Structures are given as structure tokens and as C-alpha cells.
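Visitor: Please pick a single part of this protein and take me through it closely, residue by residue. I'd like to see how that part ties in with the rest of the chain.

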Amino acid sequence: MPAANPDSATVRPAWRVQAPVVAAVSLGGGTGAAARYAALLWWPTRTGGFPWTTFWVNVAGCAVIGVLMVVVTEVWAAPRLVRPFLGTGVLGGFTTFSTYAVDSRHLFAADQVRTGLACLAATPLAALTAVWLATWTTRRVLAPRTGGGPPDEKRG
């Protein structure tokens, strides 16, 4: 008879604790992916053209992630499932860096090298800028309501 696994008792309770988080991420991810798909249907990219819809979906989603993370980590004591549902789920499903990579690959395959390189460079640069700018702006807008400036200014 094999020896009992001492870790097996901790696996079930950990899964029970994580199951609501997995469900929240899954439901949010489906919602975000459906919104992204709708955007791609409403604003299709012409073949060989710069993938503007994917670009703006990523930039907008990253900006919202910046706002959300400031709000749920610095301003509001959000319920446990808000961050996994909205941040990882909805916004993770909405932003689409896999589609960005496929769009770039299609541009290179269609000999649209300059457009492909522009897409490869502009998307992460704009997305990171959007997160930074949204975070910075949110902290400044909400500072009067939270009793001070952002964490860096409170230390001084």
C-alpha cells in the first residue's frame, strides 16, 4: 500500500479557496474577450494596413488597468474578487497582445515590413505609456480625496 501524501490534505482546501478566483477570472476573461471581438468586428482593419483597432484596444485597456490598480490598491478596499475579475479577467481578456503578435506576423508575411515594425514598436510603447499616464493622473486626481498625494509624496 503506498504511503499517504502529506500534502494531499492541503490541496483540496487550497483549491476550494482558489475556485472563486478562477471562476472570477474566467467570467471576466470571457467578458473582456467578447468586448475585444466586438471592437474588431465594428472597426475591422484593412488587409496590409496598420491594425488600429488592436492598437487602440490595447492602449485603452492598459489605461483602464492603470486607473483600476490605483483605485483598488491605494484608494478603495475592494472585495477579494474585484481585482481578479476586472484586472486579470475583463481587462486581461480585452487587451490582446497575442492578436498584436499575429497582426505583426501577418504584416511581415504580406511584405509590409515597415508597418509591421511600426506595429511592433508602437503598441508596447503606447500601452506602457498609457498605464503610466493613467496611474499618474489617477493618483493626482484622487489625492485630495485620500488625504494626500501619491505614496512617494507622502514619505517626504
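Guide: Let's start at Asp111, which sits in the loop between α4 and α5. Please keep in mind that this is a predicted model. Asp111 is not a glycine, yet its phi is positive, at about 60 degrees. Asp111 counts as exposed because its relative accessibility is 65%, and the cut-off for that label is over 50%.

From this loop we can step back into the helix before it and then forward into the helix after it. On the α4 side, Ser104 is a good place to stop, as its place is in that helix. Is Ser104 buried or exposed? With a relative accessible area of 2%, Ser104 is buried, since the limit for that label is under 20%. Apart from neighbours within four places in sequence, the contacts of Ser104 are Gly116, Cys119 and Leu120.

Cys119 takes us across to α5, the helix in which this cysteine is found. Its relative accessibility is 2%, so Cys119 counts as buried. Which residues does Cys119 touch, once neighbours within four places in sequence are set aside? They are Phe50, Pro51, Tyr100, Ser104, Leu107 and Pro124. Cys119 can also be placed relative to Thr54: the two are 65 residues apart in sequence, while their C-alpha atoms are 9.9 Å apart in space.

Several of these names come back in the largest nonpolar core. Its 9 residues are Phe50, Phe55, Val59, Cys62, Tyr100, Leu107, Cys119, Ala127 and Ala130. Three helices, α2 (52-75), α4 (97-109) and α5 (113-146), each contribute at least two residues to this core. The loop that holds Asp111 runs between α4 and α5, so let's bring in α2 next.

Cys62 is the residue to look at in helix α2. It counts as buried because its relative accessibility is 9%. Leaving out residues up to four places away in sequence, Cys62 touches Thr95, Phe97, Ala127, Ala130 and Val131. For one of these, Ala130, there is a distance to go with the contact: the C-alpha atoms of Cys62 and Ala130 lie 6.0 Å apart, although 68 residues separate the two in sequence. Ala127 gives the view from the other side. With neighbours within four places in sequence set aside, Ala127 is in contact with Asn58, Val59, Cys62 and Phe97.

A little further along this part of the story is Thr129, also found in helix α5. Thr129 counts as partly exposed because its relative accessibility is 39%, between the 20% and 50% limits. Its C-alpha atom is 8.4 Å from that of Ala63, a residue 66 positions away along the chain.

Charged side chains also connect these helices. Glu74 forms a salt bridge with Arg139, and the closest N and O atoms are 2.6 Å apart. The pair links distant parts of the chain, with Glu74 in helix α2 and Arg139 in helix α5, 65 residues apart. At 32% relative accessibility, Glu74 counts as partly exposed, and Arg139 is partly exposed as well, with a relative accessible area of 26%. The total for the model comes to 1 salt bridge.

Now let's set this part within the whole chain. There are 6 helices and 0 strands. Of the contacts with a separation of 6 or more, 69% involve residues 24 or more positions apart. Buried residues account for 32% of the 156 residues. The chain exposes about 10,000 Å², and 67% of that comes from carbon and sulfur atoms.

For contrast with the core, have a look at the surface too. Tyr37, Leu41, Trp42 and Trp43 form a nonpolar patch there, with about 570 Å² of accessible area together. Trp42 belongs to helix α1 (residues 8-42) and counts as exposed because its relative accessibility is 63%.

Last, a word on confidence. The chain has an average pLDDT of 87, and 84% of the residues score at least 70. Confidence is highest in α2, at a mean of 95, and lowest in helix α6 (residues 151-155), at 50. Where pLDDT is low, the predicted coordinates should not be read in detail.

Terms used: Residues are numbered from 1 along each chain as its sequence is written. This is a predicted model: local features need pLDDT of at least 70, side-chain atom pairs count only at pLDDT 80 or more; totals for chains, interfaces and linings use all residues. Side-chain values use heavy atoms; hydrogens and water are left out. A nonpolar core is a set of buried Ala, Val, Leu, Ile, Met, Phe, Trp, Tyr and Cys residues joined through side-chain atoms within 4.5 Å. Buried means under 20% relative accessible area, exposed over 50%, partly exposed in between (1.4 Å probe, protein chains only). Helices (H or I, at least four residues) and strands (E, at least two) are DSSP runs, numbered from the N terminus. Contact means heavy atoms within 4.5 Å. Patches are made of residues with over 30% relative accessible area and no salt bridge: like charges are joined within 9 Å, nonpolar side chains (Val, Leu, Ile, Met, Phe, Trp, Tyr) within 5 Å. Accessible areas come from the Shrake-Rupley method with a 1.4 Å probe; for residues, only the protein chains shown count as cover. A salt bridge is a side-chain nitrogen of Lys or Arg within 4 Å of a carboxyl oxygen of Asp or Glu. pLDDT is the predictor's confidence in each residue, from 0 to 100.
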